[in-house]
Amino acid sequence: MIDPKKEIETVFGCTELPHGLFYEFEAALRFELGGEDVSTKRPIKRFIQAFERADAVAAELFARSSVWLLSSTFGDASPPKKHLKPFKTIGLSRSVFADFGAVAQNDADHIEEFGEDLYRHWAGTLLGDPDLIKEALWLALGSELGIRPAANASLYFVDFENQIVLHPYDDRGMDVIATRREPLSDLYRSRHSWLLEYDMARMRTVFEEA
């Protein structure tokens, strides 16, 4: 079995996957999930739209993929307690997750305030059942809207073979990146109406003018 930590460095050229994936990779799509037209005052309606869009994109993107679920949480030198507990609700016990260690953030403000650095803790598991992608997306999107169960972590869905990452950063939006534009070209066309207008010029340059 592959070592995801080494694969991230080898395939994506970074020690850890950044939160703002869209701005770190040229071949990148940013999707609007909840949308400005669905108010947070209607959290269930907003969540349903966000979840259905994320699920549709993931289903199209990972139809024939082997997908890793990577989870990252912030804390001190030791990983936060029970940070993997929410995954039990989708049948993933703590024992199936590999611990990939912590990455120091070199956060000067945090060091000044607390006397120690901030760390980002990583764990991951291979999702053998494709249905688990759908369930894990639920955990990724519900937290800020008060939808339960939810994971208080950043979740990344990674296809190392095709060099693709999907990251729903919250109910507002989701980034999808690849090391080259070809794997995302069909998705750019098929889900064009869901792409975030604010970043459309950048996406158009990559997927239409290249």
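In this predicted model, helix H2 passes helix H4 in a right-handed crossing. The axes of H2, spanning residues 43–61, and H4, spanning residues 131–141, come within 10 Å and cross at roughly 140°. Angles over 145 degrees would count as roughly antiparallel, and H2 and H4 are therefore oblique to each other. On the H2 side, the contact is built from Phe47, Ala50, Phe51, Ala54, Asp55 and Ala58, while H4 contributes Ile133, Lys134, Leu137, Trp138 and Leu141. Sorted by character, the residues of this H2–H4 contact comprise nine nonpolar and two charged, with no polar ones.

Helix H2 also packs against helix H5 (residues 182–190), here at an angle of about 145° and with the axes 10 Å apart. The crossing of H2 with H5 is right-handed. Val57, Glu60 and Leu61 supply the H2 side of the contact, and they meet Pro183, Leu184, Asp186, Leu187 and Ser190 of H5. The residues joining H2 to H5 divide into five nonpolar, one polar and two charged.

Turning from helices to a strand, it is worth pausing at Ser72, which lies in S2 (residues 67–75). With a relative accessible area of 2%, Ser72 is buried, since the cut-off for that class is under 20%. Leaving aside residues up to four places away in sequence, Ser72 touches Arg120, His121 and Trp122, along with Ala153, Ser154 and Tyr156. One of these neighbours, Arg120, also takes part in a polar contact, in which its side chain pairs with the side chain of Ser72 at 3.1 Å.

Terms used
Residues are numbered from 1 along each chain as its sequence is written. This is a predicted model: local features need pLDDT of at least 70, side-chain atom pairs count only at pLDDT 80 or more; totals for chains, interfaces and linings use all residues. Side-chain values use heavy atoms; hydrogens and water are left out. Helices (H or I, at least four residues) and strands (E, at least two) are DSSP runs, numbered from the N terminus. Buried means under 20% relative accessible area, exposed over 50%, partly exposed in between (1.4 Å probe, protein chains only). A polar contact is a pair of N or O atoms within 3.5 Å; within protein, one must be able to donate a hydrogen and the other to accept it, and residues adjacent in sequence count only if both atoms are side-chain atoms. Contact means heavy atoms within 4.5 Å. Axes are lines fitted to C-alpha atoms, for helices over the stretch in contact, and angles run from 0 to 180 degrees between N-to-C directions. Angles under 35 degrees count as roughly parallel, over 145 as roughly antiparallel, 65 to 115 as roughly perpendicular and the rest as oblique. A crossing is left-handed if the near helix is turned anticlockwise from the far one by less than a right angle, and right-handed if clockwise. Ala, Val, Leu, Ile, Met, Phe, Trp, Tyr, Cys and Pro count as nonpolar, Asp, Glu, Lys and Arg as charged, and the others, Gly among them, as polar.
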